[in-house]
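Please open the model in your viewer and keep the sequence panel beside it, since this tour moves from one selection to the next.

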Amino acid sequence: NDMSTECNNYKECAYKTMDNTFISCNGLSGCSEGTINIAQSDGYIDCNGQTSCYNSRGLSSQGDISCQGYKSCRYSKSIIAEGDIECSGWNSCDHEGKQDTEYKVSSYSDISCTGSASCGYNTMTSD
């Protein structure tokens, strides 16, 4: 449907700015170095592919953000959600070498870091 965007191929949505309701980044580097802003509370950003949202300029969702792929959200400038943030991929939300105030992970709900080394070197806030 028109409310969802799927980026299943290599760098298919890289460098793009996207603001659909449901964004799925399944391809290798599928949404890397892009900007994603979700305004709907039932919306989500899924970074499932390897390095799928790597080095993004910003991941922002009124709903949830999921970083399941290997290094999927690593070096994302900001990962901000009204809902839950899940960092289940290996190194998925890690900011090694960039641990300053510009790079942050912030949720108004819960942040789960179940992946190996998934949330290292971070400024994190959760309500």
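Begin by selecting I79 in this predicted model, and display the residues around it: leaving aside those up to four places away in sequence, I79 touches L59, I65, C73, I85, C93, K104, V105 and S106.

Next, widen the selection to the largest nonpolar core, which has 22 residues, and in which I79 belongs with C31, I36, L59, I65 and C73 to the group that touches the most other members. Colouring by secondary structure then shows where this core draws its residues from, for the elements that give two or more residues to it are β3 (22–25), β4 (35–38), β5 (44–47), β7 (64–67), β8 (78–81) and β9 (85–87). As background to this view, nonpolar side chains in soluble globular proteins tend to be buried together.

Now turn to the cysteines. How many disulfides does the structure hold? There are six, and when the bonded cysteines are counted along the protein chain, the pairing follows the pattern 1-2, 3-4, 5-6, 7-8, 9-10, 11-12. Three of these links are visited below.

Select C87 and C93, the second of which has already appeared among the contacts of I79. A disulfide joins C87 to C93, with a sulfur-to-sulfur distance of 2.1 Å, and the value of -90 degrees about the S-S bond makes this link left-handed. C87 counts as buried because its relative accessibility is 0%, and C93 likewise counts as buried because its relative accessibility is 0%.

Move on to C7 and C13, which form a disulfide with their sulfur atoms 2.0 Å apart. Are these two cysteines buried or exposed? Both C7 and C13 are buried, and the link between them is left-handed, with -90 degrees about the S-S bond.

Finish at C113 and C119, whose sulfur atoms lie 2.0 Å apart in a disulfide; with -90 degrees about the S-S bond, the link of C113 and C119 is left-handed. A surface display is useful here, as the two partners fall into separate accessibility classes. Why does C119 count as buried? C119 has a relative accessibility of 15%, and buried means under 20%, so C119 falls within that class. C113, by contrast, has a relative accessible area of 37%, and since partly exposed covers the range between 20% and 50%, C113 is therefore partly exposed.

Note on methods:
Residues numbered from 1 in each chain as written. Predicted model: local features only at pLDDT ≥ 70, side-chain atom pairs only at ≥ 80, totals over all residues. Heavy atoms only, no water. Disulfide = S-S within 2.5 Å. Buried < 20%, exposed > 50% of the residue type's maximum accessible area, 1.4 Å probe, protein only. Core = buried A, V, L, I, M, F, W, Y, C linked by side-chain atoms within 4.5 Å. Helix = DSSP H or I, 4+ residues; strand = E, 2+ residues; numbered from the N terminus. Contact = heavy atoms within 4.5 Å.
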